[in-house]
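Dear colleague,

I am handing over the structure we spoke about, and below it I have written up what turned up in a search for cavities and disulfides. Please read it alongside the sequence.

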Amino acid sequence: MDPALVSRLSRPLPRYTSYPTTPHFRDEVGEEDYASWIRAIPTGSGLSIYVHIPFCDTLCWFCACTTKITQRYAPVARYLDCVEEEIKRISGLLPDGTHVDHIHWGGGSPDILSPDDTARLSGLLRERFDVAPDAEFAIEIDPREVNEEKADALIAAGLTRISLGVQDFDPVVQKAINRHQSIEATRDVVERFRAAGVSSVNIDLVYGLPHQTAERAQRTIDAIISLQPNRVAIFGYAHLPQRVTHQRLIDDDSVPGVEDRLELSQIMSGSLTKAGYKRTGIDHFCKPDDTMARGPLRRNFQGYTTDMSDALLGLGASSISRLPQGYAQNAVPVADYQRRVTSSGLATVRGFALSHQDRARAFAIEKLMCELKFPARELGRRFGEVGHSIADESTRLTEYAENGLVEPAADGFVVTEKGRPFLRAIAAEFDSYLGQSTATHSTGI
């Protein structure tokens, strides 16, 4: 492709895990709004629960997640006390007849919890919510943290899927991001959980890391394929040292440029598809028998998911809830979160109440991100005049069509394989809020 076009389409853009995206959340949405939205959840609704554990014992320099480094367990235990209070408050607001189909623990490193606290948290969730017998329970795991006792506690809690952070196996890259993790340690964790019956394994990789080269990326992806994970996610590194201060420990000159990033992502994706994995969305790959391969897909704050729940309830510092009325986010600093929960049981500090137009644009963007389709006719059927108006905006995609990135379809247009790496840029064409904040985003590929 024309390097100038690649550069233009790779401008900093949102990842569209929500619409509107988080920089546009407003502090007009507070605890009372969130409480009323929970009370209004219809009887019979399926729920998804996300619990954020924002603690790690070492700092990975590339990471932009909401984390707190600690070498002591006391802050983790105090934090969990507040999460329990939030669970009790929210479960008390829910109408009768709702049920939980999905549970996800993220971080940070949720496996920093002691075995007793793993049992404590999982037990309380099942006590306070009606968790379906076949509910999916996924957790993000740092393979360097898991010992036999922690693994046993997670298995006893009903774990169904593990998501392992790897990023890159090359020692030069690992040194540059301060994350040292061997293939052997990763394989041991995979085998331990599989032997215990946890059959679904996801592995996260990152392209665009400092000192990453085509050869190093190939060795890493070959090692990953040898582990036979059910799913692989390949994320582009977001180098934002102006916002993420510890990324200043990474030499700017060692970070690959736009064209190199595109090559790295294509090496990884090409190897996975050649190995029989099905590509879904921008950056997820799964085995043909995985539920993600069958769909349907949705997009939320954990990325791509098969979670079709009616509402997502976020627990813990920085967590975001998605309800029919809109989004509600908890306080980000752990101390602020704990103070607010201690005071009222809730910690909502901002969010976004959705308009009819917001819902229509969110629908169009999610269809693009998940199915690579722009459903012009369905927009009109679902959203009336607003939907027809948004569909008309697709006429601005002339440059994309001329370069073979999109092509006409019976119900609008579809994104081609050539256009897939630029999906965020295509989705951004329908984002009416883009440019209305000072937020910094990562490069579009």
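The notes below take the cavity and then the cysteines.

This is a predicted model, in which local features need pLDDT of at least 70 and side-chain atom pairs count only at pLDDT 80 or more, while totals for chains, interfaces and linings use all residues. Residues are numbered from 1 along each chain as its sequence is written, and side-chain values use heavy atoms, with hydrogens and water left out.

The structure holds one cavity of 30 Å³ or more, a cavity being a set of points on a 1 Å grid over the protein atoms alone where a 1.4 Å probe fits but cannot get out. The volume of the largest cavity, taken as the space filled by probe spheres set on the points, is about 40 Å³. Its lining residues, meaning those with an atom within 4 Å of a point, are Arg 298, Arg 299, Asn 300, Thr 305, Asp 307 and Arg 322. Strand S11 (residues 298-300; strands are DSSP runs of E, at least two residues, numbered from the N terminus) gives the most to this lining, with three residues.

As for disulfides, defined as pairs of cysteine sulfur atoms within 2.5 Å, the whole structure has zero. The sulfur of Cys 56 lies 6.6 Å from the closest cysteine sulfur, in Cys 60, which is too far for a bond. Cys 286 is likewise in no disulfide, the nearest cysteine sulfur, that of Cys 370, being 13 Å away. Cys 56 is buried (under 20% relative accessible area, with a 1.4 Å probe and protein chains only) at 12%, and Cys 286 is also buried, at 0%.

With best wishes

Terms used: 1 Å grid on protein atoms, 1.4 Å probe; cavity = no way out; pocket = protein on both sides within 12 Å on 5 of 7 lines; lining within 4 Å. Helix = DSSP H or I, 4+ residues; strand = E, 2+ residues; numbered from the N terminus. Buried < 20%, exposed > 50% of the residue type's maximum accessible area, 1.4 Å probe, protein only.
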